[in-house]
Amino acid sequence: MIDYQFPLALSDIIANERQLLSSCEDGQLMQGPDSVRFLVLHCSATRSDRDYPVEQLLRDHRARGFRTVGYHFYLRRDGTLTQHRRLLEVGAHARPYNRCSIGICYEGGLDPQGRPADTRTPAQRHCLRQLLGRLRALFPQARIVGHRDLPGATPKSCPCFDAAAEVANGWL
C-alpha cells in the first residue's frame, strides 16, 4: 500500500509552499525550485477498459530497478491523485530530463484494442488542470510538455494527446 499523499492538498491552504520546496529530504534532489524547467505529462500506456492501480504501477517500476514509482504524481481514472516523489526529488520518467522536471502520469492512454488514444476521463482532466495550476504557481518558469515533445526523447505516443495544443488553447 502506498502511503504517500499529495502534500499540497488542492482543498487546503498551505501557508508557505516555497518553504516545503526548500526543505531537505532524503534521496537525490534537484538544485532548487528554479531548476524545474518542465512539467512532463505521461500516460501509463494501459488499456482504458482495465484498471492499473498504484500497487501494480509500483510493482512494475520496481521490476525495472526503480526504488519507487518513477513519476512524481499518478492520476487514476476516478480522479484520485497520489504523490510518489517529493517535488524536488529527481524522478525516473524522462531521461535525460529527470533532473529538471516533474513527471505526471495519468492512468490510461490506450483504447480497449490497445491503440494510443486520449482516454482521460472528465475527473482526470479536472484534477490535472488543478494540479498543473498549483505546480505552475510553484514553478512559473516550467513548461508543460508531453513526454513525446521533449527533444531527444524516445519516440513514442506518450501522453497520447497533444499537450502543446491543449496548453496553447488554455485547456491545460
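Strands β3 (73-75) and β4 (81-83) are among the elements that cover the buried residues of helix α2. This is a predicted model. Which residues of α2 (residues 54-63) are buried? They are V54, L57, L58 and H61. Buried here means under 20% relative accessible area. These residues span an arc of only 100 degrees around the helix axis, so they sit on the same side of α2. After the helix comes G65. The phi of G65 is positive, near 95 degrees.

Now turn to the sheet. β3 and β4 belong to an open sheet of 5 strands. The order is β4-β3-β5-β1-β7, and the pairing is mixed. Why do β4 and β7 (143-146) each have one side without a neighbour in the sheet? Both stand at the edges, and each has a single partner strand, so one side of each is left free of a neighbour in the sheet. On average, neighbouring strands of this sheet are turned by 20 degrees against each other, direction ignored.

Look next at the β7 end of that order. Strand β1 (residues 38-43) is joined to β7 by 4 bridges. The two strands run parallel. F38 stands opposite R143 in β7.

One more helix completes this tour. Helix α3 (residues 122-138) lies across β1, β3, β4, β5 (101-106) and β7. How does α3 run relative to β5? The angle is about 170 degrees. Angles run from 0 to 180 degrees between N-to-C directions. β3 and β4 thus appear twice in this picture: they help cover the buried residues of α2, and α3 lies across them.

Conventions:
Residues numbered from 1 in each chain as written. Predicted model: local features only at pLDDT ≥ 70, side-chain atom pairs only at ≥ 80, totals over all residues. Heavy atoms only, no water. Buried < 20%, exposed > 50% of the residue type's maximum accessible area, 1.4 Å probe, protein only. Arc of directions from axis to C-beta. Contact = heavy atoms within 4.5 Å. Pairing = 2+ DSSP bridges.
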